[in-house]
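Please look over the sequence and the fold shown below before reading on. The report that follows takes up one residue, one helix and one pocket in turn.

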Amino acid sequence: MVKVEVDYTKLKFKSGLEIHQQLDTSKLFCNCKSLLRKDSPDFVVKRKLHAVAGESGEVDVAAQYQKSLDKEFEYQGFDSTCLVELDEEPPHEINKEALEIAIHISLLLNCKIMPITQIMRKTVIDGSNTSGFQRTVLIAKEGYLETVNGRVGIESVFLEEDAARIVERTDKKEIYKLDRLGIPLVEIVTAPDIKNAVQAKEVALQIGSVLRSCKVRRGIGTIRQDVNISIRDENRVELKGMQNMNIFIDAVDGEVLRQKKLSDSKKPTKMEVRNAQKDGTTKFMRPLPGSARMYPETDLPLLRISKGFIDKAKKSLPKLKGDIEDELKKEGLSSDMIQLLFKQDKLEALKKLIAIYNQPNFIANVVLIYPKDLASRKNKSIEEVDEVLDEKVLRYVLEALGRKKISEKQVKHVLDKIIDGEKPKQAIKFEKHDWNTVEEKIMNIIKGKPGLSDKAYMGLVMKEFRGKIEGQKVMEIIKKYIK
């Protein structure tokens, strides 16, 4: 495909981002855990939804469109969901932990916190909310980010409920799980200050870095990015599914060229929502929602965010990724090791274990390198190894190291024994050996079975000593005799 250059300035390109990120807390307006279920539902509820007028007295165009489809909606519930998700019980007080995280994000985006704000209902008639609306509340506004191409404003930060999770969709019926409904989301809306596709990607990456510095959920489906685009002061189009940074620039460029083609032929660009495809093209989804979809939440009072609450949030404000990288480099960690920590989401584990045994490089090996090596040697997945070597186990082993019950060289062997099923209390015990005698036995084992690999000899030696010997020193002796 030939890349067509886009003259953003000449086309009067205007763009802004909307980013939705799940927070790692219980649900926003009830006490249910944010737990996604893989098992069969405990109950099923069927409903039909209807479009209603918003605060302006008008019915939103997107709501009218969804109503015209005349679908039936089925909701799967679990013992981890409650009547709030079913819209059979009023919402509880807003989740304070989620509110604090939203304030953290707002402060890192240089926003002004709203001292008094109104929880609103946003009409949603596609079936993904049992109530027919999504609760959302403005937390902060008037922030900014600095980019290579200039400052981009952050218009607002909202805290809102995530929608139910789609299971099956047909022409006349949709099936949803209630497990995701109500998980807290932050929605970040930038000003339409973005000048081109490259800057749009830079802003998305910067906001992503801020979000990952805070207590948010990780993995597929936990973040959603939308890009709003217009040219020549014509109608705005919203692109969904822009999480894939590999297609980001191509999708923006492609949408601009699509709108240009319509504009050049004197056809108006429709205000609509389009979905980004893997090849960088976009596909129509539905009409773009308008302002008629918002009205106040009547079951909850005004949300007051006190100065004391904001001050408390400031004291626990997380550090940005760049600042953390600088600190870890000063501790002696390499750039590759730091990137691994971020990639495997083990930064918090590192911090907690450094507090027990203050040797950052060694601890980085314990949480990153040792589990990977042990998983490979034992033919296990890294997830299986991490499940056994959880925080409690690593804490116990490092406390033993701090008390000089074991040495740093013995830690990996201790973890090896624990993976094999030994209790940590037993795994830290090593018998004292006469290493001259040990070396003689190793030499005889090698002479008795020549031509094996060092790992094979290690297995034979460990079997001989029932694992109660330091593995690293054994390997040093083995390598001395098989050179």
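Leaving aside its neighbours within four places in sequence, Glu 439 is in contact with Ile 477, Lys 480 and Tyr 481 in this predicted model. Glu 439 itself belongs to helix H14, which covers residues 435-448, and its side chain makes a polar contact with the side chain of Lys 480 at 2.6 Å. Glu 439 counts as buried because its relative accessible area is 18%, and the cut-off for that word is under 20%.

Helix H9 offers a second place to look, and its main values are set out here.

| Item | Value |
|---|---|
| Residues in H9 (360-377) | 18 residues |
| Reach of H9, first C-alpha to last | 25 Å |
| Expected reach of H9 | 26 Å |
| Kink in H9, centred on Val 366 | about 40° |

The reach of H9 is thus close to the expected one, although the helix has a kink centred on Val 366. Val 366 is also one of the buried residues of H9, which include Phe 362, Ile 363, Val 367, Leu 368 and Tyr 370. The cover over these buried residues includes helices H7 (335-343), H8 (347-354), H10 (382-388), H11 (391-402) and H12 (408-419). Just after H9, Asn 379 takes a positive phi of about 55°.

The second largest pocket holds about 1100 Å³ of space. Its lining is made of 37 residues, and those nearest its centre are Arg 212, Cys 214, Val 216, Arg 218 and Asp 345. Among the elements that give two or more residues to this lining are helix H3 (197-212), strand S12 (223-230), H7 and H8.

Methods:
Residues are numbered from 1 along each chain as its sequence is written. This is a predicted model: local features need pLDDT of at least 70, side-chain atom pairs count only at pLDDT 80 or more; totals for chains, interfaces and linings use all residues. Side-chain values use heavy atoms; hydrogens and water are left out. Helices (H or I, at least four residues) and strands (E, at least two) are DSSP runs, numbered from the N terminus. Buried means under 20% relative accessible area, exposed over 50%, partly exposed in between (1.4 Å probe, protein chains only). A polar contact is a pair of N or O atoms within 3.5 Å; within protein, one must be able to donate a hydrogen and the other to accept it, and residues adjacent in sequence count only if both atoms are side-chain atoms. Contact means heavy atoms within 4.5 Å. The expected span of a helix is 1.5 Å times one less than its number of residues. The bend at a residue is the angle between axes fitted to the seven residues ending there and the seven starting there. On a 1 Å grid over the protein atoms alone, a cavity is a set of points where a 1.4 Å probe fits but cannot get out, and a pocket is an open set with protein on both sides within 12 Å along at least five of seven lines; lining residues have an atom within 4 Å of a point. Grid points are joined across faces, edges and corners, and a volume is the space filled by probe spheres set on the points.
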